[in-house]
Amino acid sequence: VQIQLDCGKIRGLHEKLPNNADVFVFKGIPYAQPPIGKLRFKAPVPLAKFPNEVLDCTKERDNCYSKLMTGPGSEDCLYLNVFTPKLPSSGSKLLSVMFWIHGGGFETGSGDSVIYSPNYLVQENVVFVSINYRLGPLGFLYLPGAGIEGNAGLKDQLLALKWVHKNINLFGGDPNNVTLFGESAGAASVHLHYLSPVSRKYFHKAICQSGTALMEFVLQHKPEKKARNLAKIFGCDNGSDADVLETLRNANYKDLIKNAEKVVTLEEKRSGIALSFKPVVESSVTLESIVTKSPFDSIRETYSTQIPIIMGLSDKEGLMLLENSLQHAKQTNKNLTRLIPRVFKLPEDKKQPFAESIKKLYFKNEEIGQSTRLQLTEFLTDYHFKQLAHCTMAMHLKYQRNSPLFFYVFKFDGELNLYKKTVYHTDIEGACHADELGYLFNVSFLPNPNENSDEARVRNNMCKLWTNFAKSGNPSLSSLKWTPMKFDTRDRFTLNYLEIDKKLRIVQENENERIKFWKDAHKLSNTDVVKPKL
């Protein structure tokens with residue numbers, strides 16, 4: 001199967017979906033010049049021409065090199081994959097497009113079909129696109145004094161979106177109906193694009209799975225200092241910004257990735273999610289800038305377009321972090337201020353009382369440790385995900401009220417729960433961070449469930465919900481009406497959400513003790529419930 005693009009001709013595969021329908025697959029399509037040499041750390045440059053007359057796109061190309069890869073990795077990684085159930089023909093209707101941004105903490109992962117095979121989504125008659133983007137220091141080094149404005153990885157994502165806008169009609173996709181969706185760091189990326197006027201013109205709906213731009217793990221801490229500290233590892237002590245850049249450009253990319261974890265700040269280590277290179281608020285605004293102000297400010301802006309959005313969480317997100325937190329339980333019991341999220345900027349005399357109130361709420365009079373694993377999981381879920389997801393929703397409903405917001409909680413605990421299988425505490429009921437991925441994608445190393453199993457039913461429901469939303473902005477099923485949340489002028493948080501379990505059900509959750517605690521804490525800390533300080 002061949003398609004003619006502006007850059008040249010590509011060759012793909014004609015395969016079959018699980019229901020025996022057709023799928024046309026094009027893997028490893030380059031969407032930018034290789035970001036190597038002088039282009040390292042820079043914004044991506046569009047590709048003018050393919051190297052071959054007919055480019056073989058029957059297999060995936062390199063991941064961005066990282067500590068954890070699903071295939072070969074290198075610095076030359078800016079490729080995307082397209083899966084379409086039908087190629088365009090005269091008079092045929094173009095299909096809705098779903099554009100996937102993978103997670104991995106901005107430092108690992110890829111769009112490869114080892115994990116993100118979209119067969120069950122494509123069966124619902126949508127075109128699917130997945131991408132690789134630069135990670136770690138290659139994607140998120142920030143050194144504005146030397147012309148490195150940061151967020152190269154986000155700019156890779158945006159260039160791929162522009163590529164889709166220009167080319168996806170040639171694959172049967174509708175460039176005017178693109179849904180941007182992602183999980184964890186991918187979801188945070190989606191939300192950063194959602195809050196960027198530069199990006200918004202290239203997509204029309206959004207889905208954020210277990211991540212928003214307001215979450216603590218998203219923005220980089222002391223980014224310029226990190227760049228200099230990384231250069232010191234390679235022998236550049238107290239040099240100019242130009243010297244730092246030259247040193248890092250000349251370093252082997254594998255060595256850059258290997259040493260990146262050495263520059264994580266103490267505050268980032270204390271939070272439990274120690275990620276070194278991540279998005280930044282750019283210091284100067286250019287035509288390429290995506291993050292030009294704090295997301296807490298961007299979400300208050302008025303935008304010319306209204307984009308419907310789904311946000312959601314797993315009910316036990318914190319399981320991902322539980323083992324690490326248990327290993328540091330002794331230090332936490334001795335120093336309770338480790339329980340305070342970094343977004344809270346408290347005077348010294350307020351820290352200990354606030355920490356003790358957190359301890360009392362979650363653990364009563366018990367020590368943090370093995371006997372309080374469930375309580376610790378709940379705390380980690382709230383600390384890293386839930387409280388700032390609720391903050392995001394409250395701000396969205398207040399300032400973006402013309403853009404419908406749907407919320408879900410994924411609770412199903414079954415054979416396809418991708419990450420729960422990797423944690424030590426599988427006896428705790430519920431879904432771990434990223435567990436929903438096994439029900440959207442045909443993950444190569446997970447079992448294939450029986451058609452009549454709960455797993456197959458949950459997968460079928462999720463794929464229909466997500467693709468219905470992509471097609472129309474309404475995720476409802478024939479058997480279930482899922483309505484957007486409503487703005488509440490009384491400053492009360494009433495959460496109407498879809499619970500995804502063996503059966504789907506709409507839940508109304510009033511402001512419980514834990515939600516109220518964090519909301520009040522934001523007020524006390526920052527005088528404004530919806531603008532915690534970074």
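E499 is buried, at 6% relative accessible area (buried means under 20%, exposed over 50%, partly exposed in between, with a 1.4 Å probe and protein chains only). Its side chain meets that of R505 in a salt bridge, 2.9 Å from N to O; the term requires a side-chain nitrogen of Lys or Arg within 4 Å of a carboxyl oxygen of Asp or Glu. R505 counts as partly exposed because its relative accessibility is 46%.

A word on the source: this is a predicted model, where local features need pLDDT of at least 70 and side-chain atom pairs count only at pLDDT 80 or more, while totals for chains, interfaces and linings use all residues. Residues are numbered from 1 along each chain as its sequence is written, and side-chain values use heavy atoms, leaving out hydrogens and water.

By the salt-bridge rule the count comes to 24. Another pair is E124 with K464, at 3.3 Å from N to O. These two partners link distant parts of the chain, 340 residues apart: E124 is in the loop between helix 2 and strand 10, K464 in helix 16. E124 counts as buried at 17% relative accessibility, whereas K464 counts as partly exposed at 30%.

Now let's turn to helix 7. Within this helix, R228 and E224 lie 4 residues apart, about one turn, and their side chains form a salt bridge of 3.7 Å, N to O. R228 is also among the helix 7 residues that meet helix 8, along with A227, L230 and A231; contact means heavy atoms within 4.5 Å. On the other side are D241, V244, T247 and L248.

Key:
Helices (H or I, at least four residues) and strands (E, at least two) are DSSP runs, numbered from the N terminus.
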